[in-house]
Amino acid sequence: MLRGPLLSALGLVTLALIMLTGTTRGEGPATLASFQFLLGQWEGIGDQAGATGGFTFAPSVQDRVIVRTNYSNTPAADGKPASRHDDLMVIYVDAGVVKADYFDSEGHVIRYVAEARSAEVVFLSEVKASEPRYRLTYRRGSSTTLNGTFDVAPPGQPGSFAPYLSWTARKVK
């Protein structure tokens, strides 16, 4: 009866859905493959101001995203109280482009586009005329160290980055 054409139609619909979600193109895990050197638990090494902290990069959602959780503790100094900073960043693929969304305990939200190069990943925020632009970079130091920098460009000068923070971390696991 209609069984053959119905099964053929369902098969075509299923194939179309698979293609639309990117499963057959390998956009998810394959594109994030160059970010694998970031994976693990990391601990900050020797901050001159006495701050301590660490971060973890972990695969999630069946390896379709990488989640970074980060914290830093700053001791009291110069009349300022001790403080703690926490943040979360989710790295994912959207239409073949690696992006990352950042959220922190101070209410900041930053949307990045990410690019992986040889042993380096650069996260670059979009240009907004009245806001600063941010660049977050991780570089592999060795098999057990990772160097990071966070640079800021003032509003209206999106390419004029100046160093804001830098750190070295040791892989714990």
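This is a short chat about the fold, the pockets and a few residues of a predicted model.

Me: Before we start, what kind of model is this and how are residues numbered?
Reply: This is a predicted model, where local features need pLDDT of at least 70, side-chain atom pairs count only at pLDDT 80 or more, and totals for chains, interfaces and linings use all residues. Residues are numbered from 1 along each chain as its sequence is written, and side-chain values use heavy atoms, with hydrogens and water left out.

Me: OK, how many helices and strands are there in the protein chain?
Reply: Two helices and 10 strands. Those are DSSP runs numbered from the N terminus, with helices being H or I of at least four residues and strands E of at least two. The order from the N terminus on is α-α-β-β-β-β-β-β-β-β-β-β.

Me: And how much of the chain counts as buried?
Reply: Of its 173 residues, 28%. Buried means under 20% relative accessible area, exposed over 50%, and partly exposed in between, with a 1.4 Å probe and protein chains only.

Me: Which residues have the most contacts inside the largest nonpolar core?
Reply: Phe35, Phe57, Ile91, Tyr112 and Phe123, in a core of 25 residues. S2, S4, S5, S6, strand S7 (120-125), S8 and S9 each supply at least two residues of this core. A nonpolar core here is a set of buried Ala, Val, Leu, Ile, Met, Phe, Trp, Tyr and Cys residues joined through side-chain atoms within 4.5 Å.

Me: What is Ile91 in contact with, leaving aside neighbours within four places in sequence?
Reply: Leu32, Phe35, Phe57, Arg64, Val65, Ile66, Val98, Lys99, Ala100 and Phe123. Contact means heavy atoms within 4.5 Å.

Me: Switching to pockets. How much space lies in the largest pocket?
Reply: About 1400 Å³. Of the 42 residues that line this pocket, Ser72, Thr74, His85, Tyr164 and Leu165 are the closest to its centre. By class, the lining has 20 nonpolar, 14 polar and eight charged residues.

Me: Remind me, what's a pocket here?
Reply: On a 1 Å grid over the protein atoms alone, using a 1.4 Å probe, a pocket is an open set of points with protein on both sides within 12 Å along at least five of seven lines; lining residues have an atom within 4 Å of a point. For the classes, Ala, Val, Leu, Ile, Met, Phe, Trp, Tyr, Cys and Pro count as nonpolar, Asp, Glu, Lys and Arg as charged, and the others, Gly among them, as polar.

Me: What about the second largest pocket, which strand gives the most to its lining?
Reply: S6, with three residues. About 160 Å³ of space lies in that pocket.

Me: Now Arg68: buried or exposed?
Reply: Buried, because its relative accessibility is 3%. Arg68 lies in strand S3 (residues 65-74), and its side chain makes a polar contact of 2.3 Å with the side chain of Asp87. A polar contact is a pair of N or O atoms within 3.5 Å; within protein, one must be able to donate a hydrogen and the other to accept it, and residues adjacent in sequence count only if both atoms are side-chain atoms.

Me: Last one, where is Val61 found?
Reply: In the loop between S2 and S3. Val61 has a positive phi of about 50 degrees although it is not a glycine, and it is exposed, with a relative accessible area of 55%. Ala95 has a positive phi too, of about 55 degrees, and lies in the loop between S4 and S5.

Key:
Grid points are joined across faces, edges and corners, and a volume is the space filled by probe spheres set on the points.
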